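New to this one? Here's a quick briefing to get you oriented before you start clicking around.

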Amino acid sequence: MTTMNVDSRGTACPGPITDLIRAYKKAQNGDMIVLVANDPGVVPDSKAWCERTKNVFVGSKNIEDYFEITIQVTGKRA
Amino acid sequence: MSEKGLAIVISTGTEEKMVMLGVLTQTAVNLGMPLRIFVTGTALKLFLKDGYRKEPVSPEGFPEFMKELRAGLARIKFEGWHQLLKDSVQEGGVKVYACSLMASALNKHKEDFDPMIEDIVGATNFMIQSAESQIIVL
């Protein structure tokens with residue numbers, strides 16, 4: 001299992017999700033993606049993306065002026 | 001959520017609508033949703049060759065707001081609607097069509113348009129192709 005860190009701070013919608021998906025394309029099932037971003041819509045957008053793609057939204061934290069979102073990759077087709 | 005795709009009709013080429021077009025297009029690509037864009041009305045001039053390089057048109061009545069918005073978009077390094085569309089077309093799943101009525105009225109041909117324009121089509125083609133899509137009008 002690998003943890004991939006994606007720093008999308010400074011980008012605006014849909015930049016963080018674009019960055020998340022770029023990382024996701026390289027990930028395997030079981031990997032974790034930790035996305036940090038300061039776009040105010042990134043938490044609900046990430047949740048919706050996880051629901052749609054059958055990945056697991058593990059949680060989010062509000063740290064100083066940005067959000068840290070953890071996603072477990074489970075939606076990759078074999 | 002429907003997997004049948006989306007269609008966007010862009011008919012007004014003001015700056016804030018073009019920003020929205022770019023954001024929705026990139027989002028559709030992110031979500032793997034097929035997207036067709038039908039360009040008509042005053043938006044058409046922005047899709048002529050190098051049309052996007054011309055001075056953006058602000059919506060009437062919002063000069064101060066648009067000034068602030070433009071500065072904010074620059075601060076957060078918004079890539080620009082044209083770049084977002086260009087990347088989306090290259091990545092696949094997005095097709096951009098120009099309205100045949102407008103093209104005829106303005107005497108414009110395929111070669112007059114931005115290379116991202118897939119074709120010049122009429123409303124019939126667009127509606128049939130988009131019949132099972134959700135249609136968003138900007």
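Below is a short tour of the contact between the chains, the cores and one helix. Keep in mind that this is a predicted model.

**Where the chains meet**
- Nine residues of chain A are in contact with nine residues of chain B.
- On chain A's side of that contact, helix 1 (residues 15-26) gives the most, with three residues.
- Sorted by class, the side of chain A that touches chain B has five nonpolar residues, three polar ones and one charged one.

**The cores**
- The largest nonpolar core has 32 residues, and those touching the most other members are B:Ile8, B:Ile37, B:Val39, B:Phe47, B:Val96, B:Tyr97 and B:Ala98.
- Several elements of chain B give two or more residues to this core, among them strand 1 (6-10), helix 1 (15-30) and strand 3 (94-99).
- Want a single residue to look at? Leaving aside residues up to four places away in sequence, B:Ala98 touches B:Val39, B:Leu44, B:Phe47, B:Ala103, B:Phe113, B:Ile117 and B:Ile120.
- There's also a second, separate core of 14 residues, including A:Leu20, A:Tyr24, A:Ile33 and A:Ala37.

**Helix 1 of chain A**
- Helix 1 of chain A has twelve residues and reaches 17 Å from its first C-alpha to its last, close to the 16 Å expected.
- Which of its residues are buried? They are A:Gly15, A:Pro16, A:Ile17, A:Leu20 and A:Tyr24.
- Within chain A, the buried residues of helix 1 pack against strand 1 (3-7), strand 2 (32-37) and helix 2 (42-53). They also pack against helix 1 of chain B.

How values were computed
Residues numbered from 1 in each chain as written. Chains lettered and ligands numbered in written order. Predicted model: local features only at pLDDT ≥ 70, side-chain atom pairs only at ≥ 80, totals over all residues. Contact = placed C-beta atoms within 7 Å. Helix = DSSP H or I, 4+ residues; strand = E, 2+ residues; numbered from the N terminus. Nonpolar A, V, L, I, M, F, W, Y, C, P; charged D, E, K, R; others polar. Core = buried A, V, L, I, M, F, W, Y, C linked by C-beta atoms within 7 Å. Buried ≥ 20, exposed ≤ 12 C-beta atoms within 10 Å, placed from the backbone. Expected span 1.5 Å × (residues − 1).
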